[in-house]
Amino acid sequence: MANSGSSSPDVYSSGRSRNGNGTLKKTLLYLILILVAVLCAGPFLWMLSTSFKGNENIYEMSLFPKHPTFSNYVGVVEFLDLPIYIWNTFVMTVLGILLDVVLASLCAYPLAKFDFYGKKIITGALLATQILPAAAGLIVNYITVGALGLMGSYWAVILPGSIAVFSIILFRQAYFSVSTEVMEASRIDGASEFKIWYKIMAPQILPAISTVVIFDFINKWNNFLWPIIVLNPDKYPIAAALNYLGGTFNFQFGYIAAATIISIVPIIIVFVFFQKNYINSVAGAVKG
């Protein structure tokens, strides 16, 4: 009894010590994570702050503007024909995403679920293209688009990026997780391969589709170089149109910051809607 009575305070004290150490570690971990998050978000926060600064304090490094104003946003809207540029970006982005999702998922389906001669060679060739820089295809795409007579139209931007190898690889990995027995049962019931794809296979890979939608939206919404090469200025997307601000309003950082904030708002909205499936898909890809 004596031993039991003397050990209880020690055990209690040891438990309190462990709890105290655990709380301290968690606090330090959260402080480090908050610091890293602030450093990563620093450029965005500074740009957001700059968009609300007037010309008199535009070069100040303070994160909180002393006299916040919407004059930069008003100036950008008055100078740039934003509805036209946003509409151009919307059309090219939506059509590009639709084509990429449909074509890449159709391409990945046989690579994952069918056995045919040359399957490994095709997969290896697709993976090999990932080492090529994007600029390597500019000349080929320019000649192709010119030969098709699409120069100056939306399709000159949409078609060259209508199917991404990254999307094919991601969909192929997602198809592997779908049971083959379900496909075989559908074939016995008389379903065609196309019907099996859009009725059974496609709904099973929605997390992968969400991931592709997010990546495609970011890439296509921010498309800058290729539209400048093949489009007329009146059909520029918003990222290319922002180039006018740098040339016309020399060193008007407030205008540039405000226009950039406006242009990335849709990206944030899309990410918020698809982030759950995106995280699940990326976590699954990491686990292999």
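Trainee: What makes up the accessible surface of the protein chain?
Mentor: The total is about 17,700 Å², and 69% of that belongs to carbon and sulfur atoms. Such areas come from the Shrake-Rupley method with a 1.4 Å probe; for residues, only the protein chains shown count as cover. This is a predicted model: local features need pLDDT of at least 70, side-chain atom pairs pLDDT 80 or more, while totals for chains, interfaces and linings use all residues. Residues are numbered from 1 along each chain as its sequence is written, and side-chain values use heavy atoms, without hydrogens and water.

Trainee: How many helices and strands does the protein chain have, and what counts as one?
Mentor: Helices are DSSP runs of H or I with at least four residues; strands are E runs of at least two, and numbering starts at the N terminus. By that rule the protein chain has 14 helices and zero strands.

Trainee: Which residues of helix α2 are called buried?
Mentor: Buried means under 20% relative accessible area (exposed is over 50%, partly exposed in between; 1.4 Å probe, protein chains only). In α2, residues 71-79, that applies to Asn72, Tyr73, Gly75 and Val76. They span an arc of only 165 degrees around the axis, so they sit on the same side of α2. The arc uses directions from the helix axis to the C-beta atoms.

Trainee: What share of the 288 residues in the protein chain is buried?
Mentor: Buried residues come to 34%.

Trainee: What is the secondary structure of residues 253-274?
Mentor: The span is 100% helix and 0% strand, with its end C-alpha atoms 32 Å apart. UniProt's unreviewed entry lists 253-274 among the residues for "transmembrane region". Such annotations may be inferred rather than shown by experiment.
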